[in-house]
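This briefing looks at pairs of charged side chains and where they sit. Please keep the sequence and the structure in view while reading.

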Amino acid sequence: MAERKQSQGQEIEQLVARAVSQALQDQIPKLQEQIAQRVLEALPAESEAAGAPRENAGALVHAVASIHAGSTQKEVLRALLDAGSEHCSRIALFVVKAGAASGWQSRGFGDEEAVKDFPLDLNAGPVAHTYQNRVATPGNIAEMGGQFVGQFGSPTNEQVLVLPLALKDKVAALVYADGGDSSKLSADSLELLVLATSAWLEVISLRKQAAAREDFEAGAAVERSAPPVQTVSSFSDPFATHAAEQVPSPRQPEPEPAAEVVEVASAHAASAAAPAAATDPLAGLSPADADIHRKAQRFARLLVDEIKLYNQAKVAEGRRNKDLYDRLKEDIDKSRGTFHKRYGSTVAASGDYLQNELVRSLAEDDISVMGTNFRR
């Protein structure tokens, strides 16, 4: 009787752990929407009052979408540099490790590796202020130090900007930007992009932790033993110095007969494999191809969410009058171009994910709502 109660208690613990993991996974799409919404809310009100073109805000949302399309830290950081280069002439990311900052990648300095391993002086004026106070800091190129100026030269107007990329309440990297020869330097836009990147890296960390817990619990249910504590790194290279999070081992269970362990393993394998094969359309693809398909799906959702966010009144009217495409033609065609540029030459092109998302999310699964001019 005691053994049966203990076994039931362990099963309940495992069910609770899986439920918590699944709940976290379910919240990730909502986190994406909240991040995008906060970025939009943070757009300077004076820009609208001054009549700034809507395309500027739209370009920022597209940039955030490209950052959120990354599923690894390196993909996200590369997307940040690519997006940031649209709002300045030169941009570089320096990774902070053990009280030192070294160059990772850059844009506008000649090639992506121009700043690689360059030691950034953490005592330099704007760098020190950014690192110590975790705020974006403008400055003069002369304040960056003679080694920096000698290596990379000066922007025409001598103005620079240093921004903190904070994770887990620590500055994990510093982003340097200047106007180069054109004096193009938008501090507000760059700050929003860095903020969105920090938030998305936190989401990726939560996703990895949830997946690690799920895998760990699944293994524990089969083996029914207490494996050693597993270390799950919240942030992978290039920020490897962040404190790792530990997944606690389950309580040590009583040994069970080998036959019962095999029976449990077979039951779990059968229950897990059958639904996966039946419901996952990417099950037959290689891991690399499946990953590209999933990124394309996520990017399509972000693009359509952007359209809905900016055009709520038009969406409502278009659904009522069944001419949604005509009202949103410019936005839809622009999103098609953006999606095709990123995924049109990949294996995900055959998935037609943007088209499917337009019908699913924008037209609420009623293609007639899009109107007669919508491309079927």
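**Salt bridges in a predicted model**

D178 has 0% relative accessibility and therefore counts as buried. The structure is a predicted model. A search of the whole of it finds eleven salt bridges, and three of the pairs, including the one that involves D178, are described below.

**R90 and D178**
- The side chains of R90 and D178 form a salt bridge, with 2.8 Å from N to O.
- R90 belongs to strand 1 (residues 90-97) and D178 to strand 6 (residues 170-178), so this pair ties together parts that are 88 residues apart in sequence.
- R90 has a relative accessible area of 10% and is buried, because the cut-off for buried is under 20%.

**D82 and R107**
- D82 and R107 meet through their side chains in a salt bridge of 2.7 Å, N to O.
- D82 is in helix 4 and R107 is in strand 2 (residues 100-107), so the pair links parts that are 25 residues apart in sequence.
- D82 counts as partly exposed at 41% relative accessibility, whereas R107 counts as buried at 10%.

**K295, E75 and D291**
- K295 and E75 form a salt bridge in which the closest N and O atoms are 2.2 Å apart.
- K295 lies in helix 9 (residues 287-310) and E75 in helix 4 (residues 73-84), so the pair ties together parts that are 220 residues apart in sequence.
- K295 is buried at 9% relative accessibility, while E75 is partly exposed at 27%.
- A network of salt bridges links E75, D291 and K295.

Methods:
Residues numbered from 1 in each chain as written. Predicted model: local features only at pLDDT ≥ 70, side-chain atom pairs only at ≥ 80, totals over all residues. Heavy atoms only, no water. Salt bridge = Lys/Arg side-chain N within 4 Å of Asp/Glu carboxyl O. Helix = DSSP H or I, 4+ residues; strand = E, 2+ residues; numbered from the N terminus. Buried < 20%, exposed > 50% of the residue type's maximum accessible area, 1.4 Å probe, protein only.
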